[in-house]
Amino acid sequence: FAKKPAKGDAPKKRRLLSEREQAMHNRLTQALPNAVILAQVSMGALLTARSRATRNRFDRKIVDFVVCDRAFQVLAVIELDDKSHQGKEKQDAERDAMLERAGYRVIRYANVPDVAQVQKDFAQGTASPACRSCFCQLLDHFDVRMPPREFPLERRRQHGSPKAAAP
């Protein structure tokens, strides 16, 4: 049986993002207009492991932002450091190393960067060669006009597949 919360300790709603995180989300959206920007993503959504001991190292941790292409392929994990990270550099480095070993690119910012800095950071490379073409589509800065990727559902609709009616 679940215990009743202590008097005055009932759950309360809270802001999803701090003002600083909202500013960062807006900046990422400005700098990467064709990207999908996800906020407050569970590391359990990004990583998996067979052993419970390994999963316990990341399953209750959250990353600030995940930048994806329109097919939801992860391009980078973004961390916005604040005062809560002071003195926790070792833990941050361990988290970054865990994500990087899994194949993710991690970018850390001490402050909300300007649009040009975000675009520069994304133009410098990606976590995997498969994602490199995505950056041309993400950065209006380079003024590259490439056709959008074709997604399987769209392909079925174009060819009149019977499965096209059910999304």
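**Salt bridges, cores and a helix crossing**

At 49% relative accessibility, Arg15 counts as partly exposed. Its side chain meets that of Glu19 in a salt bridge, with 3.8 Å from N to O. Glu19, at 60% relative accessibility, is exposed, because the cut-off for that class is over 50%. This pair belongs to a predicted model, which holds 5 salt bridges.

Another of the salt bridges joins Asp81 and Arg108, whose closest N and O atoms are 2.4 Å apart. These two residues come from distant parts of the chain: Asp81 sits in the loop between β3 and α4 (89-101), Arg108 belongs to strand β4, and 27 residues separate them. Asp81 has a relative accessible area of 18% and is therefore buried, since buried means under 20%. Arg108, at 24% relative accessibility, counts as partly exposed.

Arg108 also meets the side chain of Asp96 in a salt bridge, at 2.8 Å from N to O. Asp96 lies in helix α4 and Arg108 in strand β4, so this salt bridge ties together parts that are 12 residues apart in sequence. Asp96 is buried, with a relative accessibility of 14%. Through shared partners, salt bridges join Asp81, Asp92, Asp96 and Arg108 into one network.

The next topic is the nonpolar interior. In soluble globular proteins, nonpolar side chains tend to be buried together. Here the largest nonpolar core has 16 residues, and Val67, Ile78 and Phe122 have the most contacts inside it. At least two residues of this core come from each of α1, β2 (62-68), β3 (74-80), β4 (106-109) and α5. Strand β3 gives the largest share, 4 residues. A second, separate core contains 15 residues, among them Phe58, Val77, Met98 and Val106.

Two of the helices that supply the largest core, α1 and α5, also cross each other. The axes of helix α1 (residues 19-31) and helix α5 (residues 115-123) come within 9 Å and cross at roughly 65°. The crossing is right-handed. On the α1 side, Arg27, Leu28, Gln30 and Ala31 make the contact, and on the α5 side Val115, Val118 and Gln119 do so. Sorted by class, the residues of this contact are 4 nonpolar, 2 polar and 1 charged.

Note on methods: Residues numbered from 1 in each chain as written. Predicted model: local features only at pLDDT ≥ 70, side-chain atom pairs only at ≥ 80, totals over all residues. Heavy atoms only, no water. Axes fitted to C-alpha atoms, helices over the stretch in contact; angles between N-to-C directions. Left-handed = near helix turned anticlockwise from the far one by under 90°. Contact = heavy atoms within 4.5 Å. Nonpolar A, V, L, I, M, F, W, Y, C, P; charged D, E, K, R; others polar. Core = buried A, V, L, I, M, F, W, Y, C linked by side-chain atoms within 4.5 Å. Buried < 20%, exposed > 50% of the residue type's maximum accessible area, 1.4 Å probe, protein only. Salt bridge = Lys/Arg side-chain N within 4 Å of Asp/Glu carboxyl O.
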